[in-house]
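Got the viewer open and a selection box ready? Let's walk through this one stop by stop.

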Amino acid sequence: MKLVTLDEIDAAARRIGSHIVRTPLLAAGWGDPDRPLWLKPENLQPIGAFKIRGAFNALGRLDPEVRARGVVAYSSGNHAQAVAYAAAAFRVAAHIVMPEETPAVKVQATRDRGANVVLCGAGQRESVAAELVERTGGVLVPPFDHPDVIAGQGTIGLEIAQDLADVASVFIPISGGGLASGVGTAIRALCPRAEIFGVEPELAADTAESLAAGHRVEWPVAQRNRTIADGLRSAPSALTFAHLQRVLDDVITVTEDEIRSAVRDLAHRAHLVAEPSGAVALAGYRKAAAPPGPAVVIVSGGNVDPVLLADILSGGR
């Protein structure tokens, strides 16, 4: 299986540079003194999440005549918004399949970008998307299972390496694995001494179990859907799992209470709004036996339901 290369990530960075925010590294003085904490706030992207990088790279790589037929995507929220946003920039139609349990704020934001949103039952999004591709003639842009998407997400790793060459550890949320695959590839090539940690909820820890077993282990959708981190309920594909086996040093699993605590700390201490999925990397940083030296936590997104955010900030469970 061909894995994404650093050259492909470099090319993606040039391709998407005018469409994204080059997010800064923010020093957080409240981290472990032996592991100075730096935050990579991808919640500051135009659609509130890192997914914009992969979406623009994937659409930018399409032949204009093919792209003009429109695009189809399936997503629990952030990839949906990213594809809708990129499609609007390229002035093509976007048809987005979203599970019915997706937070309303993410569904509405996707519609506000001009996309046609089709809601579906749990576990049905891939099949419904395939029907839309057949009916509309659009091109499928998957949320993680595509080299162009992985390369786009990997541009975060390039920026980390450029801004903090002596980084000792990097913490990355894991769901389908596209973000960790891309970032891990870049960091492994440019900062070979750094340790790379994937972080996922205990209630959706299929990646941790799969890596320990040496092969993908399928968790039922209903089991993964228990976590508050709604953006981390997908399972790695064969492509992303192959990347994760190569680039990750370990996977840290975190509890629901630890995720909520990380959301509160990002709000109160860093003044950053993070959705639960975007805060898991901070929770992982707190638990990991990481090496001394600068540590980067990727805050992957901030599209959180206001009612849920209020509940978390008030200390609710």
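Start by selecting D206, S210, R216, V217, E218, A235 and P236, which line the second largest cavity of this predicted model. By class, that lining splits into 3 nonpolar, 1 polar and 3 charged residues. The space inside the second largest cavity is about 30 Å³. How many cavities of 30 Å³ or more are there? The count is 2.

Now hop over to the largest cavity, which holds about 290 Å³ of space. Select F50, K51, S175, G231 and L232: of the 25 residues in the lining of the largest cavity, these lie nearest its centre. Then colour helix 4 (78-90) and helix 8 (178-190), since each of them supplies at least two residues of that lining. If you colour the lining of the largest cavity by class, expect 7 nonpolar, 14 polar and 4 charged residues.

Next, go from cavities to a pocket. The largest pocket has about 410 Å³ of space. To centre the view, pick R125, E126, R224, R233 and S234, which lie nearest the centre of the largest pocket among its 23 lining residues. Which elements give two or more residues to this lining? They are helix 6 (125-136) and helix 10 (221-224). By class, the lining of the largest pocket comes to 8 nonpolar, 7 polar and 8 charged residues.

Time for some helix packing. Show helix 1 (residues 6-16) along with helix 2 (residues 51-60); their axes come within 9 Å and cross at roughly 90°. An angle from 65 to 115 degrees counts as roughly perpendicular, so helix 1 is roughly perpendicular to helix 2. For the contact itself, put sticks on A12, R15 and I16 of helix 1, then on R53, F56, N57 and G60 of helix 2. The residues of this contact of helix 1 with helix 2 are 3 nonpolar, 2 polar and 2 charged.

For another crossing, swap to helix 12 (residues 256-268) and helix 13 (residues 276-287), where the axes are 8 Å apart and the packing angle is about 100°. That angle makes helix 12 roughly perpendicular to helix 13. On the helix 12 side, select E258, I259, S261, A262, V263, D265 and L266. On the helix 13 side, add P276, G278, A279, V280, L282, A283, R286 and K287. Sorted by class, the residues of the contact of helix 12 with helix 13 are 9 nonpolar, 2 polar and 4 charged.

Last stop: P142. You'll find P142 in the loop between strand 6 (139-140) and helix 7 (147-163). Is P142 buried or exposed? With a relative accessible area of 8%, P142 is buried, because buried means under 20%. Leaving out residues up to four places away in sequence, P142 touches Y74, H79 and V149, so show those three as sticks too. Before you close the session, draw a C-alpha to C-alpha distance from P142 to R193: the two are 51 residues apart in sequence and 32 Å apart in space.

Conventions. Residues are numbered from 1 along each chain as its sequence is written. This is a predicted model: local features need pLDDT of at least 70, side-chain atom pairs count only at pLDDT 80 or more; totals for chains, interfaces and linings use all residues. Side-chain values use heavy atoms; hydrogens and water are left out. On a 1 Å grid over the protein atoms alone, a cavity is a set of points where a 1.4 Å probe fits but cannot get out, and a pocket is an open set with protein on both sides within 12 Å along at least five of seven lines; lining residues have an atom within 4 Å of a point. Grid points are joined across faces, edges and corners, and a volume is the space filled by probe spheres set on the points. Helices (H or I, at least four residues) and strands (E, at least two) are DSSP runs, numbered from the N terminus. Ala, Val, Leu, Ile, Met, Phe, Trp, Tyr, Cys and Pro count as nonpolar, Asp, Glu, Lys and Arg as charged, and the others, Gly among them, as polar. Axes are lines fitted to C-alpha atoms, for helices over the stretch in contact, and angles run from 0 to 180 degrees between N-to-C directions. Angles under 35 degrees count as roughly parallel, over 145 as roughly antiparallel, 65 to 115 as roughly perpendicular and the rest as oblique. Contact means heavy atoms within 4.5 Å. Buried means under 20% relative accessible area, exposed over 50%, partly exposed in between (1.4 Å probe, protein chains only).
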